[in-house]
Structures are given as C-alpha cells and as structure tokens.
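This report describes a protein structure from its residues outward to its domains and chains. Please keep the sequence and the model in view while reading.

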Amino acid sequence: MSAHRDVLLKGGRLVDPSSKLDGIGDLLVRDGKIESVGGNIAAPADATVIDCTGQVVAPGFIDVHCHLREPGREDVETIATGARAAAAGGFTAVCAMPNTDPVTDNQAAVGFVLKQGKAAAAARVYPIGAISMGERGERLAEFGEMVGAGAIAVSDDGKPVVSAQLMRTALEYARTFGIPVADHCEDPTLAEGGAMNEGLVSARLGLKGIPSEAEEIMAIRDILLARRTGGHVHLCHMSTRGSVELIRWGKDRNIRVTAEVCPHHLSLTEAEVEGYDTHAKMNPPLRSADDVDALQQAVKDGTIDVIATDHAPHHYDEKEREFADAPNGIVGFETALAVNITWLVKPGIISLATLIDKMSCAPAKLFHLPGGTLRRGGAADVTVFDPAREWTVEPTRFFTKGRNTPYTGRTLTGLVACVLVDGRIVHTVKG
Amino acid sequence: MSAPLGKDLLGLEQLTAEQINLVLDTALPLKEISERTIKKVPTLRGATIVNLFFEASTRTRISFEFAEKRMSADTVNVGAAGSSVSKGETLVDTARNLEAMRIDMVVIRHPASGAAQFLAERIESNVINAGDGTHEHPTQGLLDLLTLRDHFGTIAGKKVCLCGDVLHSRVARSNIWGLTKLGAEVAVCGPRSLLPNAIEEMGVKVFDRIETAIEWADALNVLRLQLERMHAGYIPSLREYNRVFGVTRERLDRAPRDVLILHPGPMNRGVEIDSDVADGPHSVILNQVTNGVAIRMAVLYLLSGNTPQLAEAAKGIA
C-alpha cells in the first residue's frame, strides 16, 4: 500500500483524556500513525495542512453499538453508507451488531462484514458476532472462529439472551477469548407487546408500556452472572435510573460490568411520543425525565462507561405508520456528537474531555480496539470538530440512508469538521 | 369558516369543557329527528362520508351510518376484510386514495392507538375517531355524558365510577377526560392487573372493591370485559371476575341510593354485569344507544363547519 501524504492539523485544541492532554498545539500524521503531538510543528514538504484554529482535535470516536443492516436490508443501509455516515459523525470506527439477515454467527459472515468495511474506506468497521446461532438463544455460536476472523465482541442485540444458563456459558466461553459479551437487557415477558415507556404518557395514549423493570431484571441477572463467571458483561443501551444503581452496585464489588448509554436516552423523554411520533419509538424506549437525569449523572460519575449510538436505520415507509406497528430505532451517527454537546457539555454536566473519553478512549479500551488516543505512534484516527458551531438537523442531508430521527429541525451545537482514519481524510466540511 | 371543534374529533383529551358542552347542546335538538316518521333532514346533503372500519363493530358503525343518513350525507362503508387493506395497502395509502375520490369526512375505527390522529395529520378531510386501539372513543364518551346529563340534569359534582378493564378501554379514557372536564368526580374499580399503573395520575380515585365503589357512586359505567383478557392471563377466570367484580343486583341493593347503570356494550351478561341489572329500572343502557345517534349527528354537523346556533334551525327543515 502506498503511503499517503502527511497531514498536519494546525493550531487546534488537542484534547486526549488517554494521555491527559488538553491544550493548543499541532498534530502531525504520517503513514497512518500519529507522528508527533503538541507544540508548533513545521509542515513537512507535500503535507496537507489543515487549519484547526477554534476547533477541537480529538482521538476519533468509536461506536460500540450500531446496526448497518447489511447483509439483508441493503435498501435501508449498507456497510458502505453506514461507514460513510459514521465518518460524517466523527466516528473513526464502529462495531456492527450481528442481527442482520443472515445473522453474523459464523466466521464467514464475520469476514464478509470486515471485507465490506474495508471496501467502504470510511470509518473502520468491526464485526460483533452473535452469542447464539441465528440469535435464537439456543446454542452458542463459534466464538473462537469468529474472533479468529475478526469479531471483537459477541452479542445477540435486538434480542435478550433469555436463558440465564446460556448467558452464563457465553460469559465463561467469551472469557477464553478475552472479548466482552454485550447484552440487550430486556425481560421478554414483561416487555411483550410494549411500544413505549410504561407510565402516565402510555396510559393516556393507550399504548402498551414497557416497564423499567424489564431492563433492570436482566441487568442485575447479567451482573450476577458476571460475578459468578468472571466474564466481562457489557450492558447495552441502559435507559433507567434503576439500571444505573444496579451497575453502580456491581462496580462497587469489582464485578466486570461495563455499560453504555445512547445520546437519545441522555436527551429526550417519553414526552416525545406525544402525537404518536414513530421517530420517538425505540427499544429500550425513551424514559422519564428522572431517568434522563440519572443517566446524565451516571455518565458524569463514571458508572456509565461509554456513549454508543445504537444507530438503527429504517425505511421511511416502515416508520410512516401506526405507532404500535412501526419498527424500533433511530439513526444516530450524524447527530451523536452534537446531541451530547448540546445536552451534556453545554449545560456543564460533563466536560468536553469527559465526552471524548466516553466516545473514544473508553470504548477503545473496553473493546480492545486501536485508536482512542492521540499518543505518538498510535493509529491516526482523529476527529476535528467545532464545539461551538450551531447547525440545524435536516435528515435529507444525512449520509446514512435512514431519515428516522427525532431531532429533525432542532438546532444543535457541535459540528464535525474533519475526520482522519488511518491517516487518511475520510470526511471534511467546507467552510 | 372556523369550525367550533377544529378539523377533527380525535379524542376528548384535546377538547375544552365548552366544546364538550357544545356537542351535548347541539345533540339535544337533533335527538328529535330520530323520533319522526320521516327521519331525515337535508343538513349534510351533498357531503360524502366514508366509514372506515378496520375492526369489527356493530353498534358504533350502524349508529354513525344512521346519523349520516338522517342528515342526508352520502356514505360508503369500508371494512378491512375484502378491501385493499387485506392486500397489504397501508393506512395512509388507503386514506389518500379515498381522498382522491373527493370525500368530505372519514369515520375511522382502528385497532392501533393513534391511528385516527395519524390519518388526520395526513389528509384534509375531517376525521372522526370511532375508536382507536386502547386510546379513545370520543363519541362514546360524549354519548355517555349526554346520557348522564339527561338523567341528572348536570354532570358537575356527580360521582361516576368506571368498572372493569380500564387498562384496555378506550371508552374509559374518553370518559375520564370528559367527566373530569365537566366537573364530575371520577373513580375506577377493577382488578389492579386491568388498571394502568399511572391511573391515579390521571386524576381519578381507585376502588379495589366493587362494594365500596357502589357505595360511593351516583353512576357506574360498566366496561366490557373481553374474553381475550382471560386468555392473556390478566385475570384467572371470568367466573371469579363475576364473583369479585360483577355488578349484581345484590350488590346494588345494598347501596345507600339508586345507582345509575351505563354500559357501552356489547355486554357479557353474567360476567361484568348481571341481566337483572342490565335490564333493571336504573339501567340507561338503551338510552345510551339512542343518544349515540344524536351525538354523532351533532359531531358531523359541527365538524362540517356549521355553527351551533343553527342546530335548532337544522331540525326544522324537513
């Protein structure tokens, strides 16, 4: 592979919690690696120089939870469009959930996702393998071969692992290969038929509610099984105050539990469902203001380790229908940073450095991925963004094929300016 | 001209007390039309109305159809079975196709909560919700209010208890909004497994025992207990339901005063209500049905842009 031109990011605010860096300086990228960081760096001959004045230069964001829909629903998203949209959102790497059609539950399927990801030449795409064959919750998938082929974690996301015994075995078996088991916590008997959070709004709208306990019961089961097995359980898209308290309980006892939260659960409440807006329909559902508050605090105090998008594109027609019949999920790549800045950083709940930790350093560390740092010699996966720039969400301008977002028309703060993956510019915004 | 109810009637939650009273006041003179030998006025002549029923219904559909016909509208009935819906057409496409035929109003009954609003936001015709999932059934709520007002003279201060499966009842929700807006005291009584968890936050009192509810109430609106609820495990058996929550003559006899009995139908005699009660002296169940036609005439009339002042005049034109 021919080496590409050096890139010099000039005069930005370098923020990298992994090396406790926060200050104005330059960053030089060469041969896909970070060549030097900080101070005034003279531009090498032929280098592409990017003026980063007024911008933040951060390690590229890593999304440990997204749905790229390929294979199976290429009409809704492909790995190429997803990886491109991810780059536009400042993500230099994304982890693709295996609930495609067919399910990514074997080494060949893992290899396909990797191959398509490389061809996309945008954000890196890491496959997550299924916990069980076909995500049917019956028999373990071949973790060993999938890891050998490039899977970085296992999950049956979209569905919970109903059998506690299967979850226990998965945690034990995954430990062998040093990968996390990411669980979609949902007691299916409590959640069955539910369309939104259970509460006053669901009672008024006549929609079947999903109680918080559907998530919390599975969360504590997983935490207890992690204690029993010593395996690493990663709890996906946590949405309730109760879950936060249970995770805190587990962490206090040094149980290997980590957790993620989505930007929408940090910013919106069940009130968005008023008027039966299917763009406010996702699983887990948008919860109460009290839950949002607890989740924000959990990001601040470290109970929640990472912010992940759960990017879930759907076809317009599938969302344009009766609420109970519409599919769950919203797109997330291209709004994540701005939502997080608008609802967490701007109000002073967390610092910009903490946000970068949750979106980059922590996911790299927990899922053992390259990047997540601006240290010299690290992978040149870098995101440059303007933390103060306001913009209005217009889904027709998205790179993702999905248009399903509850943020349409909202003015958010924080705009991605330039993204480097492996030292190569994969996204820039003019002006 | 500005319509007094707005473009659509989707639920009673969005209406003001004034708007609710307006419908009731408008219905009153229209009631008389159905008592005539020639039950027809030309008020809605030339208007085209589609009754779009995606769920089985006898009473509500026929009630709407009579209301429409007695006001001289041209009506078409569409059911889910045997229509393009059974060929997989979406709700929005069905509606747009109907609208392309230049209709004026759609009356919709649909199993999904929010379906009426979904439709209303996407077509220009007036939309009347004839029951959407477990959300609202506003014309039923209005006819219940009219029946109560006929009997008591006023609704303010009256104590009304909704009995039974409030969780799945669109009738209950419309009643709760309508009654509370008009100043009634509202309670619900039923097994906790059939009450929404947040029911008290909707401004109603909860009775666990039907005996206590009867002792408290001026009127009971007894909701239909659907057989499916038992199969879904919400209650152990219909037999026990009748023994614990059934509105029976024995229980009513012990009440300190006569309690008015309403039921939106169709009834499960011997389950939520005993025949002695349903057919008894304090039952106004058939008055509800009669009032249903008048309420629907009033709603059609008001939504079609007519002013309430003309209601009296409307019935005069034969």
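A residue is called buried if 20 or more other C-beta atoms lie within 10 Å of its own, and exposed if 12 or fewer do, the C-beta atoms being placed from the backbone. A182(A) has 27 C-beta neighbours inside 10 Å and therefore counts as buried. The model in which this holds is a predicted one.

A182(A) belongs to strand β10 of chain A, which spans residues 181-183. When its neighbours within four places in sequence are left aside, A182(A) is in contact with I128(A), A153(A), S155(A), D157(A), H234(A) and C236(A). D293(A), by comparison, is separated from A182(A) by 111 residues in sequence and by 24 Å in space, taken from C-alpha to C-alpha.

Two of these contacts, I128(A) and A153(A), recur around C95(A), whose contacts beyond four places in sequence also include D63(A), V64(A), H65(A), C66(A), Y126(A), I152(A) and F367(A). C95(A) is itself among the residues with the most contacts inside the largest nonpolar core, a set of 131 residues in which L27(A), A87(A), V94(A), A123(A), V154(A) and L295(A) are listed alongside it. This core draws at least three residues from each of two domains of chain A, namely domain 1 (7-57 + 379-428) and domain 2 (60-366). A second, separate core has 111 residues, and these include A324(A) together with L10(B), A172(B) and L223(B).

Strand pairing can be followed in both chains, and two pairs of strands are set side by side below.

| Strands | Sense | Bridges | A bridge pair |
|---|---|---|---|
| β17(A) and β18(A) | antiparallel | four | V419(A) and H427(A) |
| β6(B) and β7(B) | parallel | three | V188(B) and V206(B) |

The antiparallel pair in chain A consists of β17 (residues 411-421) and β18 (residues 424-428). These strands form a hairpin with two residues between them, and in this hairpin D422(A) takes a positive phi near 55 degrees.

In chain B, five strands with parallel pairing form an open sheet in the order β7-β6-β5-β8-β9. Its edge strands, each of which pairs on one side only, are β7 (205-207) and β9 (260-262) of chain B. From one strand to the next, the twist averages 25 degrees. Helix α5 (residues 138-152) of chain B packs on this sheet, where it touches β5 (159-163), β8 (219-222) and β9 of chain B, and the direction of the helix makes about 160 degrees with that of β9(B).

The domain assignment divides chain B into domain 1 (17-136 + 292-316) and domain 2 (138-288), and the C-alpha centres of these two domains of chain B lie 26 Å apart. Their contact takes 18 residues from domain 1 of chain B and 17 residues from domain 2 of chain B. On the side of domain 1 of chain B that touches domain 2 of chain B, two or more residues come from each of α1 (17-30), β4 (126-132) and α12 (285-303) of chain B. The largest share of that side, five residues, is given by α1(B). By class, the same side of domain 1 of chain B has eight nonpolar, six polar and four charged residues.

Between the chains, 16 residues of chain A are in contact with 21 residues of chain B. The side of chain A that touches chain B divides into seven nonpolar, three polar and six charged residues.

Notes
Residues are numbered from 1 along each chain as its sequence is written. Chains are lettered from A and ligands numbered from 1 in the order in which they are written. This is a predicted model: local features need pLDDT of at least 70, side-chain atom pairs count only at pLDDT 80 or more; totals for chains, interfaces and linings use all residues. Two strands pair if DSSP finds at least two bridges between them. Axes are lines fitted to C-alpha atoms, for helices over the stretch in contact, and angles run from 0 to 180 degrees between N-to-C directions. Two residues are in contact if their C-beta atoms, placed from the backbone, lie within 7 Å. Domain bounds come from an automatic or database domain assignment. Ala, Val, Leu, Ile, Met, Phe, Trp, Tyr, Cys and Pro count as nonpolar, Asp, Glu, Lys and Arg as charged, and the others, Gly among them, as polar. A nonpolar core is a set of buried Ala, Val, Leu, Ile, Met, Phe, Trp, Tyr and Cys residues joined through C-beta atoms within 7 Å.
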